[in-house]
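New notebook page. I want to get my bearings here, one look-up at a time.

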Amino acid sequence: MPVPGGSRRAAGHHGAGAAVPAGKMVAPGALRVVRCGGSPRHGARAVFSNDSKYLLCASGDFVKMYSLATEETLRLLGGHGGLVTGVQLNPHNCMQLYSSSLDGSIKLWDFMDGIPIKTFTVGHKLLALYALASSEDSVFVVVPKSSERDTFQLVSVKLTKAAGQDLEAKELSVVLDSVDASPKCIAFGRAGEYVASVKEVNLQVYFFKQKQLNRFSVSAVKAKSGNNHFTCVACHPKEDCIATGHADGKIRLWRNFYHRKEYTFSTLHWHHDTVMDLAFSVEGTSLLSGGVESVLVLWRNESDYQKDFLPRLGSAIEYISMSPDGAFCCTLHTDNRITIINSNLRFSKSIQGLIKSMDIKTGLVVDPRTKALVLNGEPGHLQFYSLQSDQQLFSLDIVQRQYIHQAGLKQVDLVKVAFSAQGKWLATVEEREEVTDPELQLKLWFYDEETQSFKLNTRINTPHEDHITGMCFRDMDESEDDSLLLVTAGRDCVFKVWVMVEDTDPEAQQSVSWSCDFVGSYHNYQATNCCFSEDGSLLAVSFEETVTVWDSVTWDLKCTFCHPPGKIRNICFGRLTCSKYLIGATDYGFLCCWNLLNCALEWSAHLNILVLQPDPLSEYIAAVSWLSKESSLFVFKPNEPRPIYIQRNLCKEKIQLAAFVPRDEPEMISAEKYLWLRRSQLFFLTDTQELMTLSTKSLEERLTPASKQLAVEEGLLVTPFSLLFGRHRRQQSQEDLGKLAVHNKHWQDSPAVKELLHTPAHVLPSASFLCPIFINSLLISKENKSAEEVSDEVEMESENTEDDSDEERDAAEMEQEDTNPMELLGETICKLSKSQDKELRKIRKMDYSWISAF
Amino acid sequence: MGEFEVHRVRFFALVPAGVRCLACLPRAARLALARTDGAVEVYNFSANYFQEKVIPGHEARSVEALCWAAGERLFGAGLSGEIIEYDLAGLRVSRCVDGGGGPIWSMAANSSGTQLAIGCEDGSVKLFQVVPGGIQFERNLDRRKGRILCLSWHPSDTHIAAGSIDVLRVLDVCSGQTVKRIMVNYHVQKVKRECIVWSIAFLSNGTVVTSDSFGRVQFWDWEQGTLQESHTVSTSAALSLAVSEKEDSIIVGTSSGATYQFQLLPVKMGSLEKRWVRTKPFQHHTHDVRAVAHSSTALISGGLDAQLVIRPLMEKMQKKGYDAVLRKFTFPHRRLVSCARKARLLLFQFSQHLELWRLGSTEETGKDGQVLPLCRMPEHLLQLKSKGPEHIYCSCVSPCGSWVAYSTASRFHLYQVQYEGNSISVKKVPKVPKLLLPAYQLQFSTNSDSLFVASARGSVHVLQLLEPGGCKHLHTFRPPSGSPEAVYLLASSADGHWLAAVGGDWTIHIYNLKCFKHHCTVPMYSCAVTALAIHPVTNNLVIAYSDQQLFEFSIPEKQYTAWSRMVQNCGLHKVWLERDSPITHITFNPKKPSHILLHDVYMFCVIDKSLPLPDNSALLMNQSTLKQLPETARHRQLHAFKICKKFQPLLFADLLDENCLVMVERPVLDFKTQLPLPIQQKKFGT
């Protein structure tokens with residue numbers, strides 16, 4: 001993917017001074033596909049930094065660094081060309097990190113600054129990485145054996161000390177043959193004296209000093225207890241003890257394994273299914289284990305009777321890691337969640353981005369209120385995922401039933417979700433997967449301002465006789481309640497219209513409830529899709545091969561469209577200037593556009609469209625096609641049959657879902673090709689549940705805000721007390737010291753000084769170069785001072801206008817370079833009066849894009 | 001194999017008594033076991049764990065502790081307050097000494113076997129000197145409140161550790177004083193519960209190991225009085241523990257039926273620091289494991305579910321094979337059933353009574369595997385209660401069904417049973433001759449006119465039965481060289497000519513009944529005889545040994561038969577030799593002289609001498625595969641052993657007539673339901 005050079009976007013000074021974002025011209029660069037969430041964290045165990053302040057974990061092709069205090073992503077260490085399979089702190093320098101990847105390279109990072117120090121090219125796919133304190137200049141990796149397929153070996157790689165960034169590391173020596181590819185299946189023992197590896201029913205222990213290899217095995221198949229294959233291994237940090245996890249849920253503790261004959265093991269058994277990972281505490285007094293039960297088990301003193309549990313962790317535990325000081329433990333879950341657990345087995349924090357659910361049936365929906373992406377989360381839950389912060393905002397329990405993990409058990413799951421235009425109403429459909437006679441429930445939720453959450457308003461059992469295939473609200477912006485309608489289309493050959501009625505039941509707590517108003521059908525065909533036109537006057541319902549258009553007031557069938565062959569897969573109305581068009585995609589690879597005024601086919605194109613997504617704020621429609629193992633994106637306006645933008649080979653994976661998310665403010669895009677990205681951003685989800693978006697910005701630009709936060713955070717520890725106290729003191733000093741305070745503030749604000757102080761020394765330019773900049777920054781210019789004084793005055797009164805500053809903060813995060821780091825901490829200092837601010841915002845929201853056309 | 005009409009008998013309501021205590025004879029391969037009914041058994045490890053000796057119990061004499069002392073003398077002590085010495089040659093109690101401290105809960109012998117310490121109800125520990133011909137009271141050690149439940153000598157014999165309720169004490173043997181008192185209480189949320197120290201062991205390094213009612217195994221430093229390690233092995237009580245001779249391994253039995261092994265393992269490779277680590281858990285019992293023992297190669301446990309489990313330690317085994325097999329013994333290695341072939345009666349022997357049953361009958365015939373409807377149900381004819389507190393040693397019913405004999409430790413009873421239509425009358429034969437008691441085995445002659453009584457010192461009495469209801473002592477056979485051991489197995493020939501008798505020294509003597517003369521001795525074999533019988537046609541004596549070897553000895557020719565030599569040359573099948581339960585009964589089919597019918601607990605076998613022996617590559621249990629083969633191929637696959645495992649556990653099998661078998665089964669589940677309920681344990685998924 002080409003990275004455009006020089007497209008750093010300088011943001012405007014918000015606040016005092018310029019009213020309009022200083023719209024620097026953006027150099028036209030190619031659109032790049034950016035992964036923005038949901039990358040599987042399945043590469044390896046997470047690693048804590050030595051001071052237990054940061055957590056580093058592999059996430060797709062990146063290594064993510066989280067702050068344990070704020071749960072935020074601080075850094076994204078990118079540079080690997082394949083999945084990251086191992087992260088390990090450099091045992092000889094705790095500020096450095098090794099990472100290995102499928103692209104065959106080991107990188108050494110300075111993770112505090114996010115700088116790659118060295119890259120060692122090994123040349124094989126690396127499947128796991130282990131770094132030992134006892135081995136001076138080599139690390140251990142798992143590589144595939146060159147001669148045989150699906151066999152792997154543990155090799156030690158000598159990392160040369162030569163100068164230069166890119167080095168070759170070809171000095172490999174095989175330690176163990178035929179090991180498992182999983183990083184959990186190898187563990188190094190006490191002080192690196194031995195290495196244990198498990199595969200299927202065999203355990204091998206290799207002693208480095210004695211050069212002795214011992215093999216043990218458990219009996220292959222026991223009819224009674226099922227599969228007892230090894231799944232993971234961990235070594236006691238202080239004693240000669242190896243813990244192994246098995247597929248039947250048992251944990252075996254092996255001792256005396258330097259004797260081939262007199263070895264012995266004891267068994268701990270609580271898990272009913274595979275033990276996914278094991279970890280010893282730092283002192284080795286307790287053992288942690290996890291599995292699909294989503295319960296973390298703490299075994300004390302290797303006893304079957306002294307165990308503690310931390311249940312309800314949400315989903316299966318995939319990896320467990322301990323912090324070096326033993327204060328925390330971290331579990332990585334199969335749904336991409338990270339849980340931080342205190343040493344006393346109390347839940348501490350959860351870092352969750354996009355939760356990976358078993359199957360996304362709801363599609364990608366945008367919550368109009370929070371602009372969050374809404375989709376299936378945990379089983380039976382709806383997750384609200386904030387795109388800005390890559391965090392889950394909240395999870396709404398729709399099904400409200402205990403999820404039981406059991407193979408073959410049919411669970412009730414959420415299949416459809418729809419929001420009304422203002423986000424006041426939420427409709428959900430849940431069903432139990434049965435071939436015949438599915439158990440269906442339609443629920444309508446009302447947004448409760450007080451509790452800031454959705455509240456169940458109406459529950460309708462069996463709204464349709466068969467699966468519901470489509471659902472939409474009639475979204476008319478003004479006076480929502482009167483005209484609010486919900487339409488559901490079902491495979492039972494009808495569509496139903498639901499309206500709100502006054503609740504007559506005096507005991508009911510709410511004033512309104514929903515009931516069925518109209519049932520429509522067409523020639524007994526299965527209804528497959530439904531959608532309303534922009535003004536809400538027309539409803540289009542597709543019945544297999546036919547699209548029917550209904551008047552939404554009288555429920556008369558207005559007209560029908562048909563473009564055989566093929567059933568209708570997707571339909572949507574055009575918007576704004578193109579609202580007279582209806583677009584449909586069919587099974588046999590046709591994209592049709594019908595004119596509603598003359599009821600004729602305007603144009604059609606031969607494309608296998610999987611996703612058809614109109615932008616709610618413009619007339620553009622995005623269509624994603626799937627052809628011969630690649631997805632392509634087409635963006636078009638319905639009124640012209642020629643697409644505006646085509647991107648072939650968008651990604652290798654099948655794209656299942658897409659959504660336009662409205663931007664807070666229009667982005668300045670000059671190139672006509674990308675104008676469609678101005679108002680909204682397109683997000684799409686692949687079948688591996690990776691969320692991607694299209695961006696014109698380069699990678700570095702996107703990452704800068706996060707890395708700046710790190711510098712702030714390093715400076716001071718944020719506690720409620722320090723926040724309160726710090727603010728108070730600042731105000732005081734500003735009042736008392738007057739000009740001096742201004743000085744001080746200015747000095748802190750200067751980008752030159754900040755760069756000087758916060759950039760690591762080894763990447764700084766020479767001092768002679770920096771000196772004039774530094775000196776300049778200390779000089780006080782006259783006009784600047786007055787501006788600062790003005791802002792100081794208004795600071796006090798704007799303290800309680802937080803709702804205003806909220807939005808401001810969002811904007812602030814988009815800005816960069818010159819913003820005060822304090823603002824990023826959430827203490828936005830609003831420098832304008834309320835009325836001024838409103839005016840400013842109005843101007844900003846105006847669309848100046850037309851200027852760029854000239 | 002031939003087809004048989006089978007009486008499948010399941011009405012023998014035997015409930016074996018639970019195992020109360022175990023004692024391993026140090027450095028010798030013997031294990032003494034006491035059951036809750038007071039019976040004492042001795043297992044011989046070198047004879048493939050054969051139950052060599054059985055001393056039936058006594059109602060008033062429970063056994064709480066067993067120990068070996070002064071060589072191979074076996075002592076028991078119980079709640080009757082007496083210390084009992086057993087006569088293992090004569091299979092009876094040789095003498096009793098009152099302990100003088102109320103019920104005795106525990107007893108231990110010192111390492112040299114010269115002194116016995118007993119722990120009594122009154123809290124005293126008493127020392128007894130083991131002297132030739134008995135024991136002598138030596139002295140009382142410091143008496144404190146609380147019964148002494150367990151005792152252990154320090155290997156240097158200077159100290160004794162005694163476990164009581166809430167406390168363990170260490171006593172100095174010389175001064176007799178309590179030198180340390182350690183509280184082992186257990187406090188749960190300020191509620192103090194009683195902590196019973198069930199078992200104790202004193203290690204040579206000064207560590208005292210206790211197992212208590214809270215399921216803990218604790219290691220104490222007795223001199224400091226500090227707790228070194230504590231391992232919770234069970235939510236219920238840890239009842240028993242035993243230490244290996246090298247003191248590197250401990251076995252613990254719990255009331256949940258699980259046993260655990262603790263091993264003393266080095267913490268790090270090459271370092272001297274060692275720690276006790278719980279290693280292997282075994283769940284072989286369903287009920288309390290009241291007794292455990294640690295032999296040099298195996299973990300042995302006995303539970304209230306009457307099972308004796310011998311679990312060999314694989315790491316101590318040189319090779320995998322016969323010795324490395326897990327063994328479970330539930331039923332005695334001897335016959336408790338006798339059958340009157342002609343009258344179709346079965347006599348069941350219980351510990352204190354006998355039951356006589358008449359078999360059911362049918363008139364229908366059916367195909368293989370079919371269950372035939374009965375036209376007459378089996379009938380419980382008679383229950384004979386033994387008088388007095390003593391348990392029954394042996395019993396027998398005559399082939400004609402009109403005589404029933406049994407013996408206890410001090411009495412011999414002979415009854416005549418008369419059938420008049422539906423009514424049955426039992427008449428005790430008066431004035432039975434005064435014999436050397438007890439009798440260990442009774443056997444009626446085939447024509448029911450004489451009774452052979454196996455007795456102590458290798459002697460066999462021959463009684464002549466007289467109508468109406470009388471008997472006369474005809475002769476007493478004694479081995480020519482004399483023997484101190486009791487005779488425990490008898491076999492008489494159908495023609496009334498020969499009698500074979502086996503004593504505790506495993507020599508088989510054959511006597512001529514016509515001229516009351518010792519005929520010959522079968523060549524010595526180094527293993528215990530588990531069953532023997534004389535062929536009715538050829539008068540060949542067939543002998544089964546506990547190592548699963550079979551011999552055929554021709555009595556008239558005084559030598560092994562050609563078939564027997566052939567068997568020894570070829571060797572028996574590997575699978576046959578690896579069976580772990582001994583053959584308990586041998587019988588013959590008079591119509592098919594080449595057949596030998598024999599059984600153990602798990603199988604019934606017909607050996608056809610006319611067929612070739614199987615070699616090790618052939619399938620031993622091939623009955624089901626044979627059925628599927630065509631006629632010609634089947635002929636090639638045939639071999640001498642025809643094994644049926646349909647009836648399990650099989651306590652008795654006999655041939656009634658040419659094609660009619662009786663099989664007495666005792667399904668384990670049937671008697672498990674009669675045991676007290678085990679500790680409730682939650683089982684996952686229920």
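I began with one residue: Val429(B) is buried, at a relative accessible area of 2%. Buried means under 20% relative accessible area, exposed means over 50%, and partly exposed lies in between, with a 1.4 Å probe and protein chains only.

Before going on, some ground rules. I'm looking at a predicted model, where local features need pLDDT of at least 70 and side-chain atom pairs count only at pLDDT 80 or more, while totals for chains, interfaces and linings use all residues. Residues are numbered from 1 along each chain as its sequence is written, chains are lettered from A and ligands numbered from 1 in the order in which they are written, and side-chain values use heavy atoms, leaving out hydrogens and water.

**Val429(B), continued.** I found Val429(B) in the loop between strand S39 (423-428) and strand S40 (441-444) of chain B. Helices (H or I, at least four residues) and strands (E, at least two) are DSSP runs, numbered from the N terminus. What does Val429(B) touch, not counting residues up to four places away in sequence? I noted Trp403(B), Leu414(B), Tyr415(B), Gln416(B), Gly469(B), Gly470(B) and Cys471(B), where contact means heavy atoms within 4.5 Å. I also checked Thr673(B): it is 244 residues from Val429(B) in sequence and 38 Å away in space, C-alpha to C-alpha.

**Strand S33 of chain B.** Next I went to strand S33 (residues 345-349) of chain B, where five of the five residues are buried. Leu345(B), Leu347(B) and Gln349(B) point one way, while Leu346(B) and Phe348(B) point the other.

Which strands does S33(B) pair with? Strand S32 (residues 337-340) of chain B joins S33(B) in the antiparallel sense over four bridges, and strand S34 (residues 353-358) of chain B does so over five. Two strands pair if DSSP finds at least two bridges between them. I followed Leu346(B) across both partners: Cys339(B) stands opposite Leu346(B), and so does Trp357(B) in S34(B).

Then the turns. The hairpin of S32(B) and S33(B) has four residues between the strands, and Arg344(B) takes a positive phi near 55 degrees there. The hairpin of S33(B) and S34(B) has three residues in between.

**A sheet in chain A.** In chain A I traced an open sheet of four strands in the order S2-S3-S4-S5, with antiparallel pairing. Its edge strands are S2 (47-48) and S5 (73-77), each paired on one side only. Six bridges join S3 (residues 54-59) of chain A to S4 (residues 62-67), and Leu55(A) sits opposite Tyr66(A) in S4(A). A reminder to myself: strands of a sheet pair through backbone hydrogen bonds.

**Chain A overall.** I counted up the secondary structure of chain A as eleven helices and 59 strands. Of its 854 residues, 52% count as buried. Among chain A contacts between residues at least 6 apart in sequence, 48% join residues at least 24 apart.

**Cavities.** How many cavities of 30 Å³ or more are there? I get twelve, a cavity being a set of points on a 1 Å grid over the protein atoms alone where a 1.4 Å probe fits but cannot get out. The largest has a volume of about 90 Å³, volume being the space filled by probe spheres set on the points. Residues with an atom within 4 Å of a point count as lining, and among them here are Leu14(B), Phe331(B), Arg334(B) and His599(B).

How values were computed:
On a 1 Å grid over the protein atoms alone, a cavity is a set of points where a 1.4 Å probe fits but cannot get out, and a pocket is an open set with protein on both sides within 12 Å along at least five of seven lines; lining residues have an atom within 4 Å of a point.
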